[in-house]
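Me: Hi! Could you walk me through this one with me?

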There are 2 protein chains.
Amino acid sequence: MAGMTIGKLAKSTGVGAETIRYYERSGFLPPPDRMPSGYRVYGGDAQKRVRFIKEAQALGFTLNEIKELFSLTDDPDADCASVNARARAKLAEINEKLRKLKLMKKSLERLSDYCPADEHPLTECSIINYLYGKSGLSA
Amino acid sequence: MAGMTIGKLAKSTGVGAETIRYYERSGFLPPPDRMPSGYRVYGGDAQKRVRFIKEAQALGFTLNEIKELFSLTDDPDADCASVNARARAKLAEINEKLRKLKLMKKSLERLSDYCPADEHPLTECSIINYLYGKSGLSA
DNA sequence: CTTGACCTTGTAGTAAGCTTTAAGGTGTAT
DNA sequence: ATACACCTTAAAGCTTACTACAAGGTCAAG
């Protein structure tokens, strides 16, 4: 597990080596040890941290929010409740996105179902007319 | 309705004047007439076009897709079916986003419900442990 | 010892949709 | 005639999460 180069870490975590360097540059990963040649050397901790990032991203957290989660894990006063609050805040965001997407879906479905989808000219297309504000075509 | 300056058009459509200029620069709005001073002058067509953009954005279309819709309305051979195809393609995209967000939501809800959300130290936090890949809890 | 894969740095580009800045000209109300 | 809001331009900046150079140094295999 010890002594990975950046390429091995990248492969073992499913990201590109450039991404690892980007994470380091941006403060999402701590600067690793170096070989005499200057090559970065990573241990298991780095692997865990990258996996943490990937899992959190899959839950919808941005990199900056993930940095906050890391800060929490470094804070001896932080507790479960503070992490849970972030999870619930993210959940609220996701629910809001879901709400908006469902509205889009409904409108699009209604428009699409109503549209005959044949060779009607666009002046008679209910979708186009809707987009123009339902009051007729000008262009 | 005739003879609006950019500020009036912006106000009447709910966007900023800079946004109007940006739309023009990027080819989403045609270049308007000018007053002798160089001020842009807009009529009702511009208003309709901006509203079209806003409505289409609310349905999830990107500006480039909206430009395509405008091209269709300028194409005498375009018919209802070609517009409907775009609406259905957008619908498919939205459904895919909905699917992913619902997965996130489910995972987050499970993690958050399982977390005691009290003063437990983070080493015992099920959310953090899940993110580190240590937990028996599956998302 | 040579080949080729891998590593280093810094810089810049990508997507999308604006927003801001700087430096200056115009229209109108008092 | 003097404020003051509004207009003009080109260009850069913002956000997020990378991705792609360019120019060079290093390591392992054969």
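**The surface near DNA strand C**

Reply: Happy to! By class, the surface near DNA strand C has six nonpolar, eight polar and five charged residues. Here Ala, Val, Leu, Ile, Met, Phe, Trp, Tyr, Cys and Pro count as nonpolar, Asp, Glu, Lys and Arg as charged, and the others, Gly among them, as polar. Before we go on: this is a predicted model, where local features need pLDDT of at least 70 and side-chain atom pairs count only at pLDDT 80 or more, while totals for chains, interfaces and linings use all residues. Residues are numbered from 1 along each chain as its sequence is written, chains are lettered from A and ligands numbered from 1 in the order in which they are written, and side-chain values use heavy atoms, with hydrogens and water left out.

Me: Got it. Which residues come nearest to DNA strand C?

Reply: Gly7(A), Arg40(A), Glu18(B), Tyr39(B) and Gln57(B), out of 19 residues around the strand. A residue is near a strand if one of its heavy atoms lies within 4 Å of it.

Me: And which helix gives the most to that surface?

Reply: Helix 2 of chain B, with five residues. Helix 1 (6-13) of chain A and helices 2 (17-25) and 4 (63-74) of chain B each supply at least two residues. Helices are DSSP runs (H or I, at least four residues), numbered from the N terminus.

Me: What part of DNA strand C is within 4 Å of the protein, sugar or phosphate versus bases?

Reply: Of the strand C atoms within 4 Å of the protein, 75% belong to sugar or phosphate and the rest to bases. The side chain of Gln57(B) has an N or O atom 2.7 Å from a phosphate oxygen, and for Arg34(A) that distance to a phosphate oxygen is 3.0 Å. Arg25(B) instead has a side-chain N or O atom 3.5 Å from a base oxygen of strand C.

Me: Nice. Over to DNA strand D: which residues come nearest there?

Reply: Tyr39(A), Gln57(A), Gly7(B), Arg21(B) and Arg40(B), out of 20 residues around strand D. By class, that surface divides into six nonpolar, eight polar and six charged residues. Helix 2 of chain A gives the largest share, five residues.

Me: Which phosphate distances do you have for Gln57(A) and Arg21(B)?

Reply: A side-chain N or O atom of Gln57(A) is 2.6 Å from a phosphate oxygen of strand D, and a polar side-chain atom of Arg21(B) lies 2.8 Å from one. Ser37(A) also has a polar side-chain atom 3.0 Å from a phosphate oxygen of that strand. Of the strand D atoms within 4 Å of the protein, 76% belong to sugar or phosphate.

Me: Changing topic: how are chains A and B related?

Reply: A rotation of 179° with 0.1 Å of shift along its axis superposes chain B on chain A, with an RMSD of 0.4 Å. The two copies are thus related as by a two-fold rotation axis. The superposition is by least squares on the C-alpha atoms of residues with pLDDT of at least 70 in both copies.

Me: Which C-alpha of chain B is nearest the axis?

Reply: That of Leu98(B), 3.4 Å from the axis. The same surface serves both copies, as 96% of the contact residues of chain B recur in chain A; contact means heavy atoms within 4.5 Å.

Terms used: A polar contact is a pair of N or O atoms within 3.5 Å; within protein, one must be able to donate a hydrogen and the other to accept it, and residues adjacent in sequence count only if both atoms are side-chain atoms.
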